[in-house]
Amino acid sequence: MQTEIWVIDDEVGIRELLSEILEDEGYLVRLAENATAARALRANGAPGLALLDIWMPDSDGVSLLKEWKAAGQLTFPVIMLSGHASVETAVEATRIGAFDFLEKPIGLQKLMASVNRALKAAPTQRRATIDLSALGRSPVITELQQRLERLINEGRPVFLSGESGVGFVEAARALHVENTPWVVLEGGQRLISSPLEILEQARGGTLFCEEVADLTRSEQKSLVFIITRAPQYNVRIVCASSEPLAQLVSDGAFDTALYQGFAKMMVVVPSLRTRPEDINYLMERFASEVAPGSLERLTADARTQLETSAWPSNITQLRSVLTSLVFEGTGPVSAQHLLPLLGDTAAEEPVRAGAAPEIPIRFLDMPLREAREAFEKVYFENLLSRESFNMSKIAERAGLERTHLYRKLKQLEIKFSRRGATEEST
């Protein structure tokens, strides 16, 4: 029995050309000149595959795809066709359920490769599940897993956001399909000059960029191109950033189109301090990997210290501390032994519900205006120190625009060198 393929395109020349090619390959072809004709076809059955143009006079292809999906009629693979592809359109089409996205003019080899992959995958497509046990087992991680599964089952790229050390690599690895290519995207001339080679290298697998904020503007534009073309190579795109991209866009240091695309596929990986129930589990897991038996040497106060520390560098820091226990001799390890390993972590008390912050007593003896200024000075001096003069991070934590931050520091007579301050946008 011949496989039926629909060609839905308002250009008669495209319809006739694709029909001739596909019939020569042995397929049964039906044609539709617009969305209305395609709906009529769908009312009488379903094809093995549909080639669907994005731009048609009565309704665009993405809207028709969305309509079929909502009605439960998207029971066959769809390859989208367009002469003007964009990141947003490609992401939206794949999110809804399109199998691939081809840009006109379409070469014979590229067309048939996509058709063959789509027909081969159609009968065996199954919903993907992932394992995030490397990050924890708390309800927060379960919610994260469900969110990621929805994205990948919709065929969408994934953008991971969060603090440094939360586990971007572990999450990306959980999304990767075994026995397929795993390619780490790095900046450099190759990213700019040979994006298609990178996609070919990752064909059928995963392309992972751990820190998109480190890419130059030219490299970011190349990443936009890669995301647009990824469906053609059946490549899963996973990007991540611990930097405040919205601020970088505002500063002109990050590509607006790329940021807007990320906003539609963003998943926040939670920090370790927001899920303390995972700390003990991760301690046991990491200790078994890097230092078997090390936790047995911890005194009660040392274990409490580890379980209640704030972990500003998250699971990366937890793993590092547990690895360092190997070098702490063979005897018992107390909380005092841990202090050099924990550094500032031990000094930061985790936030607990209902716990009121302590107010320096001298503030209570001042008039309100003076107390407010004194507090603000202590507050910003503390931020400058904690964030190592990284002005973008300080502005983000304070909830201020960077120009307002500079004015506030000047108003409070806090001296700092702009040259010594870290500017993330540079």
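How much accessible surface does the chain have, and what share of that surface belongs to carbon and sulfur atoms?

## Surface and burial

In this predicted model, the accessible surface of the chain comes to about 21,600 Å², and 50% of that area belongs to carbon and sulfur atoms. The chain has 426 residues, of which 46% count as buried.

## Overall build

The chain holds 20 helices and 10 strands. When contacts between residues at least 6 apart in sequence are considered, 71% of them join residues that lie at least 24 apart.

## A patch of negative charge

On the surface, a patch of negative charge is formed where E16, E20, E23, D24 and E25 gather. One of these residues, D24, has its place in helix α1, which covers residues 12–24. D24 counts as exposed because its relative accessibility of 62% lies over the 50% that marks an exposed residue.

## G252 in a loop

Further along the chain, G252 is found in the loop between helix α11, residues 245–250, and helix α12, residues 256–263. With a relative accessible area of 42%, G252 falls between the limits of 20% for buried and 50% for exposed residues, and is therefore described as partly exposed.

The position of G252 can also be described relative to R217, a residue 35 positions away along the chain, since the C-alpha atoms of G252 and R217 are separated by 9.2 Å in the model.

Definitions and conventions:
Residues are numbered from 1 along each chain as its sequence is written. This is a predicted model: local features need pLDDT of at least 70, side-chain atom pairs count only at pLDDT 80 or more; totals for chains, interfaces and linings use all residues. Side-chain values use heavy atoms; hydrogens and water are left out. Patches are made of residues with over 30% relative accessible area and no salt bridge: like charges are joined within 9 Å, nonpolar side chains (Val, Leu, Ile, Met, Phe, Trp, Tyr) within 5 Å. Accessible areas come from the Shrake-Rupley method with a 1.4 Å probe; for residues, only the protein chains shown count as cover. A salt bridge is a side-chain nitrogen of Lys or Arg within 4 Å of a carboxyl oxygen of Asp or Glu. Lys and Arg count as positive and Asp and Glu as negative; His and the chain ends are not counted. The place of a charge is taken as NZ of Lys, CZ of Arg, CG of Asp or CD of Glu. Helices (H or I, at least four residues) and strands (E, at least two) are DSSP runs, numbered from the N terminus. Buried means under 20% relative accessible area, exposed over 50%, partly exposed in between (1.4 Å probe, protein chains only). Contact means heavy atoms within 4.5 Å.
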